[in-house]
Amino acid sequence: EIRHERIKDKPWLLRRPPSKWAGMTQFSCDHETDAFSEALGQLNGRSSGHCALNYAYQQRPKIIFLFGYDFTGKPYWFGELEWHKHKDRSYLGADWLPAFKAAKLYFDAVGTEVIIVGETNVKEFKNITYQEYLNYA
């Protein structure tokens, strides 16, 4: 349900939230590059997941656990969603997987270990099961 009057009747791609929503940080994005940005307020990436990685990179953590970075093209959490049923999702690999090669270079350069939890087609980072994650420490 959309509760803000300015955006409720607009197509989702054209919605622009008010600039002062509590807890929301807006950022600029170059969606045509895999190069991470160092600038605060700028997150680059061809997908929301890659932008999230750019944000994590800017924070310089020692370790990152990624959930939902499966890139298998099949549903895994909520089951098959209605809006996915008739779509070819093979583009996920062709369009998004190459970006992880660049991401690995950035994380390696700052000493951040990246671990993907669960099944994944991403080969650049260590992969563990959920049970291994629970035992990790």
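Why is strand β2 largely enclosed by the rest of the structure? In this predicted model, four of the five residues of β2 are buried, so the strand is largely enclosed by what surrounds it. Let's look at its partners first, and then move back along the chain to the helix that comes before them.

On one side we meet β1, residues 63-67, which runs parallel to β2, residues 113-117, and is joined to it by five bridges. Two of the pairings are easy to pick out in the viewer: I63 has E113 as its bridge partner, and L66 stands opposite I116. Strand β2 also pairs with β3, residues 126-128; these two run parallel as well, with three bridges between them. Here you can look for I115 of β2, whose bridge partner in β3 is K126.

Now stay with β1 for a moment and follow its side chains. They alternate along the strand: I64 and L66 point to one face and are buried, whereas I63, F65 and F67 point to the other face and are not. F67 deserves a second look. Its relative accessibility is 43%, and therefore this residue counts as partly exposed, the cut-offs being under 20% for buried and over 50% for exposed. Together with Y130 and L134, F67 forms a nonpolar patch on the surface, and the three have about 330 Å² of accessible area together.

Next, step back to helix α1, residues 48-59. With 12 residues at 1.5 Å each, the helix should span 16 Å, and its end C-alpha atoms lie 17 Å apart, so the two values agree. Many of its residues are worth locating: the buried ones are G49, H50, C51, L53, N54, A56, Y57 and Q58. When you read such a list, keep the helical repeat in mind: an α-helix has 3.6 residues a turn, so residues three or four places apart point the same way. What covers the buried residues of α1 includes strand β1, which we have just visited, and helix α3, residues 99-110.

Finally, how does the chain leave the helix? Just after α1 comes R60, with a positive phi of about 55°, and this residue lies in the loop between α1 and β1. Most residues other than glycine have a negative phi, which gives the backbone here some interest. R60 is an example of a positive value in a residue other than glycine. With a relative accessibility of 38%, R60 counts as partly exposed because that value falls between the two cut-offs. From this loop the chain goes on to β1, where our walk along the side chains began.

Methods
Residues numbered from 1 in each chain as written. Predicted model: local features only at pLDDT ≥ 70, side-chain atom pairs only at ≥ 80, totals over all residues. Heavy atoms only, no water. Buried < 20%, exposed > 50% of the residue type's maximum accessible area, 1.4 Å probe, protein only. Pairing = 2+ DSSP bridges. Expected span 1.5 Å × (residues − 1). Contact = heavy atoms within 4.5 Å. Patch = residues over 30% accessible without salt bridge, like charges linked within 9 Å, V, L, I, M, F, W, Y side chains within 5 Å. Areas by Shrake-Rupley, 256 points an atom, 1.4 Å probe, with all protein chains shown as cover. Salt bridge = Lys/Arg side-chain N within 4 Å of Asp/Glu carboxyl O.
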